[in-house]
Number of protein chains: 2
Amino acid sequence: MPIAEFDAIARYFTQAFPKRADVILGIGDDAALSSVPSGMQLAIAIDTLVEGVHFPKGTHSENIGYKALAVNLSDLAAMGATPAWMTLALTCKKMDEVWLTGFSQGLLELATRYNVSLIGGDTTCGALTVTIQVTGFVPPHSALRRSGAQVGDGIYVTGTLGDAGLGLASMQKRVVLPRKVQRFVESRLNRPTPRLVEGKALRQCANSAIDISDGLVADLGHILRASGVGASLQVDRLPLSKALREVMFPEKAWQMALSAGDDYELCFTVPPNRVAKLQNALPQDIYTHIGIIEATPGLRCLDTNGQLFVPENRGYQHFV
Amino acid sequence: MPIAEFDAIARYFTQAFPKRADVILGIGDDAALSSVPSGMQLAIAIDTLVEGVHFPKGTHSENIGYKALAVNLSDLAAMGATPAWMTLALTCKKMDEVWLTGFSQGLLELATRYNVSLIGGDTTCGALTVTIQVTGFVPPHSALRRSGAQVGDGIYVTGTLGDAGLGLASMQKRVVLPRKVQRFVESRLNRPTPRLVEGKALRQCANSAIDISDGLVADLGHILRASGVGASLQVDRLPLSKALREVMFPEKAWQMALSAGDDYELCFTVPPNRVAKLQNALPQDIYTHIGIIEATPGLRCLDTNGQLFVPENRGYQHFV
């Protein structure tokens, strides 16, 4: 099915996308027009997924569509922002109806869940590359930043870590897993849940936040550098899923939790005097206290005996 | 020069980018934060350039950087919007310092001229693909749309048409041109001037507008379809540059002006009772009256004798 222009594609697959009152003019003109709620600031994030780099060849297009939006929503979650609109730049070899149907369904699933309008885009011919930009709203002076961590803050993460890393190993046939574990970890890789609700709730208590896309060590490292602080982590506190614990020895699981990316959980820091607020803001089974912000630069991971535990690598890096 | 993350690249080449008071937090966090002038609406456009599709392999990276922003600013111009911020998704095989320096210089030149901040981005590894999204401001109810053309409107274009098409033929060595002509038409291809000033001025008089990226016939066709009208054009009124007239017979030049893309001029329609306003809004040597909007659907191109003149093709189409 050759298609000439984005608006043709968009009409084909976006009928069902959420309509928002703040979108004045959507797809089909030179630019989209939208309005911003009075007093709100904008949070803007852009992320690209490249076939063979961010997802293996052969990934179902529904998962690609889902994930391309999920990673962007995760960025807004890490700022405490509420998503509103997205634009899509889709580059692919050819426009295949089956592929597009799956892609749009994945995109639509998440867009519907979080009320995100698709307001514009561009389709081009080339190697499969998906870029989404999302725009969201956040009240002035309330966005969560990487740079706000203070000495004495507790370090927390949402959910469990390392699942997506094991999911990637499974998809790449580097491990063979029990069917139930496989389904769970591959779904964690392909269908991460952006922590939008949690990010918004954290605005009232966290000093800093980031989403974990490149691995805890790498992403917490961004907070430490941006805030000019250091940290200690206790690896035996790292939250591990039942699935991960079922198939990995603790030391291997900790490595996975520290270094594997793609979990899209939030890592955040909370000062001691706002822990009560945190307990009010989020159910306690959603987050785990894993360490503390310290003045000494660098990140120290400590094992059960208080000995240094050295992460095997420091997260995924492009072009390296 | 391997580079790990966009913020590293951004810091390397974006020091000189315009700083705007409405950018609260730029590159380096999960999302950028910005504020919108009270009462303004947003105009949002996204465009991708793919090597080998939108520019020939071997195009100087400075021209790629320039053009990637220019085509997006042209979209805002066609809406009558004023640009404010951009995000950049850059996919390339490797990060080469010389290539990046050129790319950033081209981008910077245009960003500086129109006071556009680079507020975020993503770099990924893959086939050379550049996606830019721009956000601009426009007062409520004043944006120019494709859908506003009325029967009786005059049809106008800014500048001259067909130059970029001849420039592409020259770059692809399909024609050999006198040096001066070559320089001019290749510069029209590689360095289009987004008609931002003109677009803004047209808000007070035009019923509809579009930028000419795919060729006049194709892009005016978008206005006609969106407005539910037809049109007649007089091909001998098509504005041709001295360079084009110097090397092409009229009939070939008209074909080029009708069908070649990449000129990034504006095509717009003005009702008879606002022609005086148009004359006040824009210097007369900037635009040309080329036809009229009619009730009968379709586009009729007429030659000097009033005979039908058939355009050779209907503009560039992806995936066809």
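The legends below describe close-up views of a predicted model with chains A and B.

**View 1. The contact between chain A and chain B.** On chain B, 55 residues are in contact with 55 residues of chain A. Elements of chain B that give two or more residues to this side are strand 1 (23-25), strand 2 (32-34), strand 3 (41-50), helix 2 (61-79), strand 4 (82-92), strand 5 (117-125), strand 6 (129-138) and strand 8 (208-211). Strand 3 of chain B gives the most, with nine residues. By residue type, the side of chain B that touches chain A divides into 30 nonpolar, 16 polar and nine charged residues.

**View 2. The axis that relates the two copies.** A turn of 180° with a shift of 0.0 Å along the axis lays chain B on chain A, with an RMSD of 0.0 Å. This is the relation of a two-fold axis. In chain B, the C-alpha nearest the axis belongs to B:Ala127 and is 3.2 Å from it. Both copies use the same surface, as 100% of the contact residues of chain B recur in chain A.

**View 3. Strand pairing across the two chains.** Strand 3 (residues 41-50) of chain A pairs with strand 2 of chain B in the antiparallel sense, over three bridges. A:Ile44 has B:Ala32, in strand 2 of chain B, as its bridge partner. Strands of a sheet pair through backbone hydrogen bonds, in a parallel or an antiparallel sense.

**View 4. An open sheet with strands from both chains.** Six strands make up this open sheet, in the order 1(A)-2(A)-3(B)-6(B)-4(B)-5(B), and their pairing is mixed. At the edges are strand 1 (23-25) of chain A and strand 5 of chain B, each of which pairs on one side only. On average, and with direction ignored, neighbouring strands of this sheet are turned by 20° against each other.

**View 5. Helix 2 of chain B on the sheet.** Helix 2 of chain B packs on the sheet and touches strand 3, strand 4 and strand 6 of chain B. The direction of helix 2 makes about 145° with that of strand 3 of chain B.

**View 6. Strand 4 and strand 5 of chain B.** These two strands of chain B run parallel and are joined by eight bridges. Within strand 5 of chain B, B:Gly120 stands opposite B:Thr87. Strand 5 of chain B is also one of the edge strands of the open sheet, and strand 4 of chain B stands between strand 6 and strand 5 of chain B in the strand order.

Terms used
Residues numbered from 1 in each chain as written. Chains lettered and ligands numbered in written order. Predicted model: local features only at pLDDT ≥ 70, side-chain atom pairs only at ≥ 80, totals over all residues. Contact = placed C-beta atoms within 7 Å. Helix = DSSP H or I, 4+ residues; strand = E, 2+ residues; numbered from the N terminus. Nonpolar A, V, L, I, M, F, W, Y, C, P; charged D, E, K, R; others polar. Pairing = 2+ DSSP bridges. Least-squares fit on C-alpha atoms with pLDDT ≥ 70 in both. Axes fitted to C-alpha atoms, helices over the stretch in contact; angles between N-to-C directions.
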